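Visitor: Could you take me through this model and give the reasoning behind each label you use?

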Amino acid sequence: NNITTNGKQGSNFGVYLSANANNLVYSNIISVNGTASNDGIELSTASFNNITSNNITTNGNGTGNYGILISSTSVNNTIYSNIINTGGTNTNGGIRLQSNSNNNTIISNIINTGGKFGSNYGIYLLTVLNTNVSFNNVTTNGNSTSNYGILVQTTAYNNKIIANNISTNGTGSSYGIYVLTNSTGNLITQNNIRSNGTGGSSYGVYVVTNSSNNTVTFNTISTDGTSDNVGIYINSFSNNNTVSSNYVNTSGRTSGNYGVYLLTSSWNNIVTANRIRTFGGTSSNTGVFISAKSNNNTVTYNNISANGNTTGNNGITIQDSFNNTVTTNNISAYGKTSTAYGIYLNINSSGNIVSHNTIFTNGTTGSNFGIYLLNFARNNTITFNNISTNATAGSNYGIYLFTMVKGNNIAGN
């Protein structure tokens, strides 16, 4: 079928399934362009349906333009091989699941969102469980405040996000995959994520606000925005997450670049076996940054390279955080005109274990520090590290203890 709706008042729907089951919606061309909210296909209390091979375009001037909207406890539906383009003026989503619409499968869809205002979402999971999101090609390229490839929000549990190709390129902040607000037990694996926002910050994977026990593994992540760039961000009381075996490349042109960032009381996370490269143009570069009372985390078996042109380049930084374990990492820090730090224990970092790491710093003009301890970094254990510093012009320090640094155990390095 060829379906077009262009209403000027009220909502517009191409296909609407209400309290229906076991339907096949197949191979339709749907265009929805009304001035209010627009949905290409909506399922409301509709289960066990198959939505396959449709070509959907929504370009309305109102708020809320969705290619496919699944709501009101619509379960066990399959969304497969659809082509979805949304380009409305305010808040655009390719596929949105909400309101306990659980156990759905979203697979092999091509999604492009490019709205002018509001936010743009490729796939949005809101308060849903056990959703399988796999093999989708998602592009968000709006001029709006924020662009999200895949957004997982508000007690969204046990969803699987696997092998998707995600590109976010809007003028606002860009997020490849964003997990927030008590969303736990989700698996994010084998995704290819590229985040290149030209206005706000760019994030590959962002886990925030009491989102715990998630697994981020075997993803390829690249951020290259003009503001701050973070490969994987764990923030705001998000505990017991595992970040493993990812390839992370951050190379922003102006502000800071971070491979993995743990912030604001994020405890007991494991960062292991990742390959991390940060290469910034004009600001700091840090492979792994642990800050703001983020305690009891483990950083181990990572391969980290921090290589910037100007200000500080740090392999691993711990700041105002306690009892973290940093062990068996391979760290290289290269500063062309700036200071390079292999491992930096910054203000109020105490009780941390730094052991069995291989550290190489090689700045050309600034000073080089293998391990640097700053104000009130106390009672840390620094043992059995292999440290090499090789500045061609500035000073070289293997281990440097600055003001008010007490009670540290430094042995066997």
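Guide: In this predicted model, Phe376 sits in the loop that connects S41 with strand S42 (381-383).

Visitor: Why is Phe376 called partly exposed?

Guide: Its relative accessibility is 32%, and since buried requires under 20% and exposed over 50%, Phe376 falls in between and therefore counts as partly exposed.

Visitor: What makes the nonpolar surface patch that includes Phe376?

Guide: Ile347, Phe376 and Met404 make this patch, with an area of about 230 Å²; membership asks for over 30% relative accessible area, a cut-off that Phe376 passes at 32%.

Visitor: How do you know that S38 and strand S41 (residues 368-373) pair?

Guide: Pairing needs at least two bridges, and 5 bridges join these strands in the parallel sense, so the criterion is met; Tyr344 stands opposite Tyr372 of S41. S38 is also joined to S35, again by 5 bridges and running parallel, with Ile316 having Ile343 in S38 as its bridge partner.

Visitor: Why is strand S38 described as largely enclosed by the rest of the structure?

Guide: Of the 6 residues in this strand (residues 340-345), 6 are buried, so the description follows.

Visitor: What makes the contact of Asp320 and Lys293 a salt bridge?

Guide: The N to O distance between their side chains is 2.8 Å, and the limit is 4 Å, so the pair qualifies. Asp320 belongs to the loop between strand S35 (313-319) and strand S36 (325-327), and Lys293 to the loop between strand S32 (285-291) and strand S33 (298-300), so that the pair, 27 residues apart, links distant parts of the chain. By this rule the count is 1 salt bridge.

Technical notes: Residues numbered from 1 in each chain as written. Predicted model: local features only at pLDDT ≥ 70, side-chain atom pairs only at ≥ 80, totals over all residues. Heavy atoms only, no water. Helix = DSSP H or I, 4+ residues; strand = E, 2+ residues; numbered from the N terminus. Buried < 20%, exposed > 50% of the residue type's maximum accessible area, 1.4 Å probe, protein only. Patch = residues over 30% accessible without salt bridge, like charges linked within 9 Å, V, L, I, M, F, W, Y side chains within 5 Å. Areas by Shrake-Rupley, 256 points an atom, 1.4 Å probe, with all protein chains shown as cover.
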